[in-house]
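Student: I should like a close look at how the strands of this model are paired, beginning with a single pairing. Please then place that part in its wider setting, in one connected account.

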Amino acid sequence: MNLYEKTASELSRMLQSREVSAVEVTTSFLERIDQVDPHLKAFITRTAEQALDTAGRIDYFRQQGEQLHPLAGVPVAVKDNISTMDLRTTCASLILKDYIPPFDATVITALKSAGMPILGKTNLDEFAMGSSTENSAFFPTRNPWNLDRVPGGSSGGSAVAVAAGMAPLALGSDTGGSIRQPASLCRVTGLRPTYGRVSRYGLVAFASSLDQIGIISMNALDSALFLNLIAGYDPLDSTSLPGEVPDYTAGLEPGLEKLRVGVIRYGSTEGFDPEVTEMVQKAASLLEKSGANVGEVSLPLTDYGLSAYYLIAPAEASSNLGRYDGVRYGFCAGGDSIEEMFNRTRGKGFGPEVKRRIMIGTYALSAGYYDAYYLKAMKVRTLVRRSYEEAFKKYDLLLGAASPTPAFKLGEKTGDPLQMYLSDVCNITDSLAGVPSLALPGGAHTSGLPLGLQLTAPPLREKLLLQMACFFEKYSEQAPRRPVLDFIEGGSSDEL
Amino acid sequence: MNYDVVIGLEIHVELLTASKLFCGCSTAFGREPNSNCCPVCLGLPGSLPVFNRRAIELALKAALALNSEVQLQSRFDRKNYFYPDLPKAYQVSQYDQPLARGGYLEVEFEDGIHRVHLERVHLEEEAGKLIHAGDSIIGAGHSLVDYNRAGIPLLEIVTAPELHSGREARYFLEDLRTVLLYSGSSDCKMEEGSLRCDANISLRPKGSRELGTKAEVKNMNSFRSVELALDYEVGRQERVLSEGGKVIQETCHWDEEKKQTIALRSKEGSSDYRYFPEPDLLPLVLESSFIEELSRQLPELPARRRERLQEQYGLEKEEAFLLTANRDLGDFFEEAAKEYPDYRHLAKWVQGDLLYQLRESLKKVDELEPGLLADLLLLLDEGKINRPVAKELLAEMVKTGADPKEMVKDRGLEQISGRDTLLPVVEKVIAQNPEAVENYRRGKKKALAFLVGRVMAETQGRADPAELNRILQEKI
């Protein structure tokens, strides 16, 4: 078995017992990237040299007998909307094509101090706006399970990097499903922590009240290991949550007795693949058989939630993206007057989806429309939050689908923004409520494409999500864990 | 004039913090452009704001000093607009939930004391500064931008439309400045831009209750230019109206050179700032105990102090005004008054010679020990030194902080008032200046002054002038 097929926890153990060196591990992933990424296009920027440099340093420190973080030497891929010092951070936008941040995001500082080699920056929908990674200004990323399919988005690059063995762990960001939906489409584990659990400092803002950095990994234990590193209060982020961070890796052994699980009944299942609904029911009966109390919970506001989300997120985006005006950094198109410079820079620098959302958001915040749109959406958000509070009085955990369909074809929804928006329907209300949510492999569609389950817990109960994910990993019928990449000459031994 | 003038002011005051509102960058004035900047105040992608607690304290103190009602919960909002000096394309400000509501300031106008009401007091961040090629915003070929100022905490104070002339506006501003200086919230230096004032001004027919169309006047860089600009604008609007024209709602720029207001932009399609709650900051929730504590920390404010100075020290109103205009000067006076009982005399010295010497030696009053002035005046009252010597010693004292008693002792400056000591000197001077004596006898009064001067020279200025005069007149 190749090193790149190992999970982060396995690699961590092997590195700590000096079975392998960090350079060997990193080299294995870099070679894998060289081999498959030209087909998959998960990375915008690769940083092989820096990664090997870090790995070399970690090996040296380990030789010196220094106390190292369990993740020291375990490589990682980073979504390209997370600021990395001296390394360009493009947000997959022309407007930031050559932007090099002079500072590290708080999560990057954590990765660096733990000694995790950064393999590169992964592709996304421009400014994280999209559900297919097709809105990248540079190129789309392809789903390793079927190259004609999208990997989901916006953290498509990170999801593909992990799914295809190009990185054992990846950072993503989730505003309205951008970690969970691609995780589900690529058959990996995607965790969106509680809003505020992980610092947003350095995450390029899309919709500040919804944006959350999270993790894409091969399994729950890896997520736990990584969450231990990045979770916690950050004095640089006023919205980050104070309080102790538990050891997420401790006590992951699931015990289901008396666990109350609410299976989400969606207001409308229009557009849901029947196999998705079936998958959720199967998972529910597995839980029931294993001793959990399973009931049904309806979140009647789900439909309104989607509408509210597509007002609140664009409203905040219209403000957050105002700074890209060509004056200080990034792309500047010039002009004879300041207005002309603004207009040309933004006109050429932003792609169509970003422009669409800036327009929607500007409209929603405008005098005369504010009450009818933004304010009303905020009221819906409050109601959504309350309906979660109600649901969590009856249930410890909510179970649903992470995506209404398996991966769709490239180009299938690009002409119809509303259809594209609907692909986040399962994820969005969790985001509005700010609660933690996790997507995990839920089985295979008859087409062979992966399906994903989604678990949602009350605020700060990430541990419960990880325990439940461990349960499913152990007891549910597992589809193959990794895709067969038959475009690689001679195939590969990817299937476990 | 057939019109009533209605003026409301919008005042921006930079708070006296060492660092900016949302980051640790220095607020120092006059540094090299773009040297006091970081990812946060430059609005780099991914940066986030964090409150400066000190700025909130200073803002609250200012609000309390202005009798404004501090809100236990307030909120920050984004004011969105595009301008090169605004790094994030929005200013973090407060919209419908300001830090404090209402308030007033009692100001003495020519026709008596008026209570000028405030609408609100709120906290926001400063923008950067544009430097236009050719020094004027109009027709500049290019502009440079300095973000050192961006993110400095700014207090916005909005008055009710209750002022009626340029002079009233100036008086109000002067008093506002004094109160803010007392509260310690700002250094209020108009020339450095740490206190700025925009004015909304409109005219309406006398007796009418409906407000007329207003113009906004900006770029007034001193109290004097506020008065000039507003008076100019009153005149302009009056001309327009009396000629049957209409005032259009616009923003005007005060041109200090030409001494006139120039229309900058029409406000007819007024900007839509698309305010919405700043999602990067939590609402500001204050404990009432914290507000009470800040309230306790406030010093006695000028209006109250003026009254007290008049009552306690028997000062005239004018004297009380002068002594309260500067908090440190008032403190100095009151400290010195503990050791010197003739308060009126003390007040005269403080606002006269002392202020003069402080200006001359570029010193601040808080650098000087109040007890020293008391000692000096006691020496004078006891007749140990004469007035000219007292003035010289004051100058020395302000410059070096030297003790007047020591100086008198060390330099033998004590006044010579004994007849026995003075008589031989007077006789010597008379003998040496027969011509002057002769002139005096012929009625030339000036000659006496000359002879006094000679005796003073002989005694190094220490002779008691009264005694000296008596002996001289007796002898010639």
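Tutor: Asp4(B) has Arg204(B) as its bridge partner in strand E12 of chain B. This pair belongs to a predicted model. The two strands concerned are E1 (residues 3-14) and E12 (residues 195-205) of chain B, which run antiparallel and are joined by 11 bridges. E12(B) also pairs in the antiparallel sense with strand E13 (residues 215-220) of chain B, here over 4 bridges. Within that second pairing, Cys197(B) finds its bridge partner in Met220(B) of E13(B).

Chain B also has an open sheet of 3 strands, with antiparallel pairing and the order E5-E4-E16. Its edges are formed by strand E5 (90-93) and strand E16 (276-277) of chain B; each has a single partner strand, so one side of each is left without a neighbour in the sheet. Between E16(B) and strand E4 (residues 77-80) of chain B, the antiparallel pairing extends over 2 bridges. Here Asp77(B) stands opposite Pro277(B) of E16(B).

These strands may be set against the domain division of chain B, which consists of domain 1 (3-290), domain 2 (300-411) and domain 3 (419-475). Between domain 1 of chain B and domain 2 of chain B, the C-alpha centres are 37 Å apart. Their contact involves 6 residues from domain 1 of chain B and 5 residues from domain 2 of chain B. On the domain 1 side of this contact, helix H2 (residues 166-183) of chain B supplies the largest share, 4 residues. By class, the residues on that side of domain 1 of chain B are 4 nonpolar, 1 polar and 1 charged.

A helical part of chain B adds to the picture. In helix H6 (residues 317-324) of chain B, the buried residues are Glu319(B), Ala320(B), Leu322(B), Leu323(B) and Thr324(B). The buried residues of H6(B) pack against three helices of chain B, namely H5 (302-313), H7 (327-337) and H8 (343-360).

Chain B also meets chain A: 25 residues of chain B are in contact with 34 residues of chain A. On the chain A side, the elements giving two or more residues are helix H9 (302-320), helix H10 (338-349) and helix H11 (352-365) of chain A. The largest share on that side, 3 residues, is from H9(A). The chain A side comprises 18 nonpolar, 10 polar and 6 charged residues.

Chain A has strand pairing of its own, in an open sheet of 11 strands with mixed pairing and the order E1-E3-E2-E4-E6-E5-E10-E11-E9-E7-E8. Strand E1 (43-46) and strand E8 (293-298) of chain A are the edge strands, each pairing on one side only. From one strand to the next, the twist averages 30°.

Within this sheet, strand E6 of chain A deserves attention. Strand E4 (residues 169-174) of chain A runs antiparallel to E6(A), and 6 bridges join them. Ala170(A) has Ile216(A) as its bridge partner in E6(A). Strand E5 (residues 189-192) of chain A also pairs with E6(A) (residues 212-217) in the antiparallel sense, over 3 bridges. There Ser217(A) of E6(A) is the bridge partner of Thr189(A). Of the 6 residues of E6(A), 6 are buried, so the strand is largely enclosed by the rest of the structure. Both of its faces are covered, with Gln212(A), Gly214(A) and Ile216(A) buried on one side and Ile213(A), Ile215(A) and Ser217(A) buried on the other.

The account closes with the nonpolar cores. In soluble globular proteins, nonpolar side chains tend to be buried together. The largest nonpolar core here has 153 residues, and those with the most contacts inside it are Val76(A), Val107(A), Val162(A), Ala167(A), Leu399(A) and Leu453(A). H9(A) gives the most to this core, with 9 residues. Beyond its neighbours within four places in sequence, Leu399(A) is in contact with Val261(A), Val263(A), Ile264(A), Val280(A), Ala283(A), Ala284(A), Leu453(A) and Leu455(A). Another core, of 65 residues, lies apart from the largest one and includes Ala55(B), Leu60(B), Ala62(B) and Leu99(B).

Note on methods. Residues are numbered from 1 along each chain as its sequence is written. Chains are lettered from A and ligands numbered from 1 in the order in which they are written. This is a predicted model: local features need pLDDT of at least 70, side-chain atom pairs count only at pLDDT 80 or more; totals for chains, interfaces and linings use all residues. Domain bounds come from an automatic or database domain assignment. Two residues are in contact if their C-beta atoms, placed from the backbone, lie within 7 Å. Ala, Val, Leu, Ile, Met, Phe, Trp, Tyr, Cys and Pro count as nonpolar, Asp, Glu, Lys and Arg as charged, and the others, Gly among them, as polar. A residue is buried if 20 or more other C-beta atoms lie within 10 Å of its own, exposed if 12 or fewer, and partly exposed in between; C-beta atoms are placed from the backbone. A nonpolar core is a set of buried Ala, Val, Leu, Ile, Met, Phe, Trp, Tyr and Cys residues joined through C-beta atoms within 7 Å. Two strands pair if DSSP finds at least two bridges between them. Axes are lines fitted to C-alpha atoms, for helices over the stretch in contact, and angles run from 0 to 180 degrees between N-to-C directions.
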